[in-house]
Amino acid sequence: MQKTYRPLARTSLILVYLVILAGAVVRMTGSGMGCPDWPKCFGYLIPPTEEKELLWAPEKTYKKGQVIIREEALLLAREGFTSGTSFEENNWAPYTRHDYAVFNATHTWIEYINRLLGALAGLTMLLLAVFSISWWKEKKSRVLFAWLSVFAIGFQAWLGATVVYSVLEPVKITLHMFMALLIVGMLLWMLHSSDTRDRGYGFDRTTYGIWWLVVPLTLVQILLGTQVRQFIDHQSETIGMAAKALWLQDPDWIFYVHRSFSILLLLLHLWVVYRIYKLQLGFRKVFASLGVLLGLIATGVAMNYFAFPWGSQPLHLFLAAILFGLQWYALMEFIRASRTRISS
């Protein structure tokens with residue numbers, strides 16, 4: 001059972017990143033309310049593909065909790081029944097979580113795939129927690145972190161439900177994103193702690209200190225990015241999808257701070273890469289982190305100067321999540337190298 005720990009942790013990490021990517025696509029396509037209820041989608045485990053499946057029909061069998069759209073409102077079947085030749089209101093109860101009642105097949109299935117990936121990630125993490133019990137006598141921390149990650153993914157699912165119930169309230173979307181990063185951090189810790197190979201990394205106190213500065217600054221940068229994204233979402237609703245070139249016209253101060261922070265992070269990365277190369281310290285993930293940061297800057301430039309090319313928004317968000325993961329893993333490698341130096 002111990003041999004399955006790392007493969008399950010790695011699989012969970014991949015699935016969580018796929019959920020983050022799917023969530024970014026959901027936001028890009030405006031599919032967040034594609035499933036207006038939770039955990040089902042329009043009352044179905046597998047959502048409908050055509051609107052006519054959600055319209056009332058005579059002599060049709062309905063199950064308890066099944067959803068229909070009628071007069072721009074969601075209604076739920078109070079009990080299982082077969083409809084007659086005319087609509088009877090007493091068979092239906094209004095959906096009270098919100099008043100959103102629009103069906104778009106594309107949006108529905110994009111959101112459904114997002115939820116399906118989340119469920120797969122949760123199931124894999126539950127298996128990881130169960131199999132981790134074999135480590136209890138040797139490494140209790142691995143077991144505790146595995147089970148803590150299960151509670152974290154459960155909390156993340158609840159957050160996803162509140163996002164839907166709030167009809168995509170921006171603050172809750174931001175919290176949903178940061179919870180995903182926390183889960184990524186936990187899974188990376190499990191992978192790092194279970195990797196006992198000596199990679200021969202060197203140690204330099206100055207480089208170590210700079211990297212300790214880079215990681216929290218990146219989290220601040222991601223937070224600023226979520227605020228810019230909220231501004232863009234507002235602009236897209238106000239101006240319209242056909243006028244993407246105007247979305248960043250007259251942005252607020254957060255946009256300029258976000259742009260300046262990217263320059264600061266780039267300079268710090270270049271400084272760390274230079275020191276690692278000069279002192280031959282190793283830490284290859286820092287080089288990968290620099291490459292991802294350059295990709296982030298490139299997608300940011302594309303959105304600003306080329307009117308949000310297709311796919312640039314989800315790619316930008318996904319690269320931000322990848323960047324955090326690489327930085328966090330590199331920081332754990334720095335910490336291990338420092339402890340090795342002290343113990344030796």
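Here are short questions and answers on a predicted model.

Residues are numbered from 1 along each chain as its sequence is written, and side-chain values use heavy atoms, without hydrogens and water. Local features need pLDDT of at least 70 and side-chain atom pairs 80 or more, while totals for chains, interfaces and linings use all residues.

Reader: Which helix gives the most to the largest nonpolar core?
Author: A nonpolar core is a set of buried Ala, Val, Leu, Ile, Met, Phe, Trp, Tyr and Cys residues joined through side-chain atoms within 4.5 Å. Buried means under 20% relative accessible area, exposed over 50%, partly exposed in between (1.4 Å probe, protein chains only). The largest core has 76 residues. With 14 residues, the top contributor is H8.

Reader: Which residues have the most contacts inside the largest nonpolar core?
Author: Contact means heavy atoms within 4.5 Å. Beyond its neighbours within four places in sequence, Val286 touches residues including His269, Ala330 and Phe334. The residues with the most contacts inside the core are Trp211 and Val286.

Reader: How many residues apart are glutamate 333 and lysine 285?
Author: Their side chains form a salt bridge, 3.6 Å from N to O. The rule asks for a side-chain nitrogen of Lys or Arg within 4 Å of a carboxyl oxygen of Asp or Glu. Glutamate 333 lies in helix H8 and lysine 285 in helix H7, at a separation of 48 residues.

Reader: Is glutamate 333 buried or exposed?
Author: The relative accessible area of glutamate 333 is 5%. The limit for this class is under 20%, so glutamate 333 is buried.

Notes. Helices (H or I, at least four residues) and strands (E, at least two) are DSSP runs, numbered from the N terminus.
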